[in-house]
Amino acid sequence: MKDLTYMQRALDLATKGRGTTAPNPMVGCVIVKRDEVIGEGYHAQAGKAHAEVEAISACRESTQGATLYVTLEPCCHVGRTAACTVAIREAGISRVVYAVDDPNPLVDGGGRQALINYGIEVESGLLAEEARELNRAFLFSTCHDLPFVTIKVGMSLDGKTATQAGESKWITSTESRALVHQLRAEVGAILVGSGTVLADNPRLDVRVDGHSHSNPMRVIADSRARVRHDARIFQKKNKERVIWAICDQPDSQERSLVAEKGVEIWQMPRDDSGQLALVGLLERLHREKVVHLLCESGGTLVDALVQAGLANEIWAFVAPKLIGGSQAPTMCDGVGILNLKHALPLEWRSWQAVGPDLLIKARLKAIER
């Protein structure tokens, strides 16, 4: 029971790095001696000390013979920081308990083996499910070389994301919108389609206390280069990156005006259906170290991501409203299916009240591509 308590504390510490550690995972660490916590720490930012080193440095007494609890397998390689396994050995730690293995090819069981070779007792798997959920984006991205994609949708109880006239502000509540801004502050990039930009002219920035500087990369999937240079999404507050992913060539003047704003223009190929190749776009975003991608687009792009097996989870904010209308848009506005046996399976993860709305989180099962 004490092991569970200490690991839970390590998980709580790990969450303090939410939104600041990417492309690294969130990691927390607790060091215990004689059934007392003598030091704790967490990974605060990529390039800074790892959680184990932070915890060792914070210890108020000798760590000789202590037990170290950490939420992820300690690293055994030298990158921007030294190997944590070496720091653990040098600190005289006699036992290490960690939650989940690190799939990073530079670790991938090597951390565990290094500790064993040093004569340190090692245990793993404690609160593993909770640790995997915390770092679901990092773990998926590391294993698949793609960003973990969260689809955010605000809709009425009858599944409408706007009226027949295209009005969508605001279906959901102030409380739901505040939570979306918090989510934006935690991801590496936001993806939106040209249709949403033309209809809503969103900024897609972060407007929440303490995170006004944390604007993620903004990506516009615009195969026909329809978005104009004066769109609000092209306006940069700080040094955040804005990507205009296109297939067709825009008017030369428009291209110049967009480029003058510091927007990066990515020329993308089309897929077999003639649309912008989303797999290629996500692969490139992964190479740009985007671990977690948030899609805040309309039904066409959402449906394309889902049908391509590129979406991982859905955050559906459901408002207690009925909009109606056979022509009103929904979350997935593609062709749809004819037989229920072809319906895409989901796994419910959680549901909670957010103001008057209900937030439902669901995980999509991967589709073979």
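Biologist: Is C59 buried or exposed, and what is its relative accessible area?

Modeller: The model is predicted, so to speak only of what it supports, local features need pLDDT of at least 70 and side-chain atom pairs count only at pLDDT 80 or more, while totals for chains, interfaces and linings use all residues. Residues are numbered from 1 along each chain as its sequence is written, and side-chain values use heavy atoms, leaving out hydrogens and water. Buried means under 20% relative accessible area, exposed over 50% and partly exposed in between, with a 1.4 Å probe and protein chains only. C59 therefore counts as buried, its relative accessible area being 16%.

Biologist: How many disulfides are there, and how far from C59 is the nearest cysteine sulfur?

Modeller: With a disulfide taken as a pair of cysteine sulfur atoms within 2.5 Å, the count comes to 0. C59 is in no disulfide, and the nearest cysteine sulfur, that of C29, lies at 8.2 Å.

Biologist: Which cysteine has the sulfur nearest to that of C295?

Modeller: C295 is buried, with a relative accessible area of 0%. C295 is in no disulfide either, and the nearest cysteine sulfur, 9.9 Å away, is that of C332.

Biologist: Which strands stand at the edges of the open sheet?

Modeller: Strands here are DSSP runs (E, at least two residues), numbered from the N terminus, and two of them pair if DSSP finds at least two bridges between them. The open sheet has 9 strands with mixed pairing, in the order β10-β9-β8-β7-β11-β6-β12-β14-β13. The edge strands each have a single partner, so one side of each is left without a neighbour in the sheet; they are β10 (264-267) and β13 (346-354).

Biologist: Which residue of β10 is the bridge partner of I243?

Modeller: Strand β9 (residues 242-246) runs parallel to β10, joined to β10 by 4 bridges. In β10, the bridge partner of I243 is E264.
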